[in-house]
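I am opening this notebook to keep track of what I look up in a structure that is new to me. My plan is to go from the whole chain to single residues, one entry at a time.

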Amino acid sequence: MYGIAWTSYILLAQKDRPSYTMLGVPSLTKYIPFLPVTPQRCFKVTKAVLGYIWSCCSIMNMAKNWFLLYKQHKARPGSESIIYSMPFSRKQLDVYPPTSSTVDASDVRRNAPVLVLVPDAIVPVTLTSHRKMYLPLATRMQQLGYCVVVPQITYYPADQIRQSVIDLRLALSWVGAHIFHYAGDPSRIYVMGHGLSAELVALTLVQEAVVLSQTIKKHRDIDDATNHDLTPKSNIIEPETFNKHLEIYAPQVRLPNIAGVILLAGHSDVIKSNLNEADLGIEHLSSHRRWTGPQQFQCLLHSPTHLLMHSKACLDPTFLPPKFLLIHGGLDKLVPISQAILLRSLLLEIGVKNAELLAFREMNHFDTFKLFLASPPLASSKYEIAILKSICSFVA
C-alpha cells in the first residue's frame with residue numbers, strides 16, 4: 001500500500017507541492033520528496049490508483065479497434081490538419097468535412113452542422129488530450145453528416161487554464177471564420193467537452209458573458225446617474241475585488257455565435273471539485289487545482305457556477321448560447337452529478353431558454369469518456385446509443 005502511494009506521489013505530486021512541505025532550510029527541503037505518511041492517506045491513494053488502473057484496463061479492448069481505424073485514416077485521410085493559432089503559436093486542429101453521401105448535393109458546401117470536440121486531459125495519461133485520440137467519434141459523426149473539428153488545447157503541466165481558454169477562443173474564432181470552406185454552417189456551431197474540457201468550454205463562454213454584462217450594466221448605471229444629476233455609487237466607479245480580477249482572456253479574439261453546448265461529466269464548480277478530490281485523497285495527484293488555481297481566489301475566478309452565481313442579477317442570457325445539454329452519470333464519483341444539477345438550475349435561473357440534463361443512474365466517469373473512443377462494431381457501453389441519439393436530436 002505504501003509502495004503504490006509513494007510511487008504515485010513521486011511521479012505526480014512533486015511539482016507545485018503545498019507550501020507547508022517546504023518548511024526548514026530551502027536548500028535541503030528541495031531534496032526531500034513529498035510523500036504521504038498516515039495509513040489513511042496511503043489507503044485512499046492506493047484505492048484511487050487501483051481504481052484508475054482498472055478503468056484503464058476496461059478500455060484496452062478498444063485500443064486494437066482504434067489502431068486499425070488510425071491506420072485506415074493514415075492511408076486514406078478523411079480530415080485536414082490546419083494551424084489555427086498563427087502568429088501566436090503553431091497549434092493545429094483537425095477538420096473532418098461531412099461525407100458527400102450523407103449530405104444533400106445542394107447543401108454540401110454550406111449547411112452541415114459543426115461539432116467542435118474539445119479534447120480532455122486525464123492525468124497521468126496526457127495522451128488523452130491529443131486530438132487524434134478522438135478519431136473514432138469524429139469519423140462517426142462525420143459519417144452522420146456533421147462537420148467535425150478537433151483542436152489542440154494546452155493543459156497542465158504545459159500551462160494553466162488561462163492559456164487553455166486562449167487556445168479554445170482561437171480555435172472557435174478560426175471555426176467561425178473558415179468552416180464555411182469545409183461544408184460547415186457557421187451559424188450552427190456546437191461545442192462538446194468532457195471532464196476538464198467541459199469545464200473549459202463552460203468557463204470560456206460564461207467568462208465572456210459575465211464581463212460583457214457587467215460592463216454594459218456599469219455604463220447604464222453611470223448614464224442614469226448622470227442624467228439625474230446624481231453622484232454614482234462608489235461600487236460603480238470602484239468595482240469589487242472580484243470584478244477587478246475578472247477579465248476576458250484574449251479579448252481581441254472574437255468568438256462566433258455558438259448554437260449549443262454539450263457537456264459530458266463536466267466540472268462546473270472548482271471548489272466542490274477540489275473538496276471532492278480531497279475526500280478521495282487525490283488532491284495532490286490531480287492536476288485540477290494546479291490547473292485552475294492553485295490559490296482559492298483563482299479557483300473562484302475559474303469556476304463557471306461561481307461566476308454565474310456572482311453575476312446572475314445583471315447577467316444578460318443573450319450573451320450565452322441558447323441551448324445546453326448536460327450528460328452525467330449517477331455513479332460518477334470523480335465529478336458528482338450534483339455539479340450538473342447546480343449548473344442547470346443556474347442556467348435556467350438566469351434565463352437560458354433550453355438547458356437539459358440527461359442522467360444515467362449506473363454510468364460512471366469513464367463510461368462517458370468511452371464514448372469518444374468506441375467505433376462500430378465495438379460499443380463502448382449500453383448507454384452509447386442513447387447518448388448519441390440525444391446529441392443528434394439536440395443538434396437537430
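**Entry 1: the whole chain**

I began with burial, and I find that 51% of the 396 residues of the protein count as buried. I note here that I am working from a predicted model, and I read each value below with that in mind. The accessible surface of the protein comes to about 19100 Å², and 59% of that surface belongs to carbon and sulfur atoms. When I looked up the secondary structure, I counted 16 helices and eight strands in the protein. I also checked how far along the chain the contacts reach: among those between residues at least 6 apart in sequence, 80% join residues at least 24 apart.

**Entry 2: helix α5**

How many of the nine residues of α5 are buried? I find that eight of them are, so the helix is largely enclosed by the rest of the structure. I wrote down the buried ones as Leu135, Pro136, Leu137, Ala138, Thr139, Arg140, Met141 and Gln142. What do these buried residues of α5 pack against? My list holds the helices α4 and α16 (384–395) together with the strands β2, β3, β4 (147–151) and β5 (184–194). After α5 comes Gly145, and I noted that its phi is positive, near 100 degrees.

On the α4 side I looked up Asn65, which is found in that helix, residues 63–75. Asn65 counts as buried because its relative accessibility is 19%, where the cut-off for buried is under 20%. Asn65 and Pro136 are 71 residues apart in sequence, yet I read a C-alpha to C-alpha distance of 9.0 Å between them.

**Entry 3: Asp120**

I next turned to Asp120, which lies in the loop that runs between β3 (112–117) and α5 (135–143). Which side chain of opposite charge is nearest to Asp120? It is Arg290, 14 Å away, and I recorded Asp120 as buried yet without a salt bridge. I then looked for other partners, and found that the side chain of Asp120 makes a polar contact of 2.9 Å with the side chain of His194. The side chain of Asp120 also reaches the backbone nitrogen of Leu196, at 3.2 Å. Not counting residues up to four places away in sequence, Asp120 touches Thr128, Ser129, Tyr134, Tyr155, His194, Gly195, Leu196 and Ser197.

**Entry 4: salt bridges**

My search of the whole structure for salt bridges gave 10 of them, and I followed up several. In one, the side chains of Lys91 and Asp167 meet at 3.8 Å, N to O. Lys91 lies in the loop between β1 (80–83) and β2 (92–96) and Asp167 in helix α6 (residues 161–178), so this pair ties together parts that are 76 residues apart in sequence. I checked the burial of both partners, and Lys91 and Asp167 are each buried.

Helix α6 came up again in my next pair, Glu247 and Arg162, whose side chains meet in a salt bridge of 3.1 Å, N to O. Glu247 is in the loop between α9 (241–245) and β6 (260–264) and Arg162 is in helix α6, and I noted that the pair links distant parts of the chain, 85 residues apart. Glu247 counts as partly exposed because its relative accessibility is 34%, and Arg162, at 39%, counts as partly exposed too.

I also looked at Asp185 and Arg188, whose side chains meet in a salt bridge at 3.4 Å, N to O. Here I found Asp185 buried, with a relative accessible area of 13%, whereas Arg188 counts as partly exposed at 28%. Last in this entry, I noted a network of salt bridges that links Asp94, Arg131 and Lys132.

**Entry 5: Ser79**

Two members of that network, Asp94 and Lys132, turned up again among the contacts of Ser79. Ser79 has its place in the loop between α4 and β1, and I recorded this residue as buried because its relative accessibility is 17%. The side chains of Ser79 and His73 are joined by a polar contact of 3.0 Å. Leaving aside neighbours within four places in sequence, I find Ser79 in contact with His73, Asp94, Val95, Tyr96 and Lys132.

**Entry 6: a surface patch**

I closed with the surface, where Ile4, Leu50 and Ile53 make a nonpolar patch of about 240 Å². Leu50 lies in helix α3, residues 39–58, and I noted that it counts as partly exposed, at 46% relative accessibility.

Technical notes
Residues are numbered from 1 along each chain as its sequence is written. This is a predicted model: local features need pLDDT of at least 70, side-chain atom pairs count only at pLDDT 80 or more; totals for chains, interfaces and linings use all residues. Side-chain values use heavy atoms; hydrogens and water are left out. Helices (H or I, at least four residues) and strands (E, at least two) are DSSP runs, numbered from the N terminus. Buried means under 20% relative accessible area, exposed over 50%, partly exposed in between (1.4 Å probe, protein chains only). Lys and Arg count as positive and Asp and Glu as negative; His and the chain ends are not counted. A salt bridge is a side-chain nitrogen of Lys or Arg within 4 Å of a carboxyl oxygen of Asp or Glu. A polar contact is a pair of N or O atoms within 3.5 Å; within protein, one must be able to donate a hydrogen and the other to accept it, and residues adjacent in sequence count only if both atoms are side-chain atoms. Contact means heavy atoms within 4.5 Å. Patches are made of residues with over 30% relative accessible area and no salt bridge: like charges are joined within 9 Å, nonpolar side chains (Val, Leu, Ile, Met, Phe, Trp, Tyr) within 5 Å. Accessible areas come from the Shrake-Rupley method with a 1.4 Å probe; for residues, only the protein chains shown count as cover.
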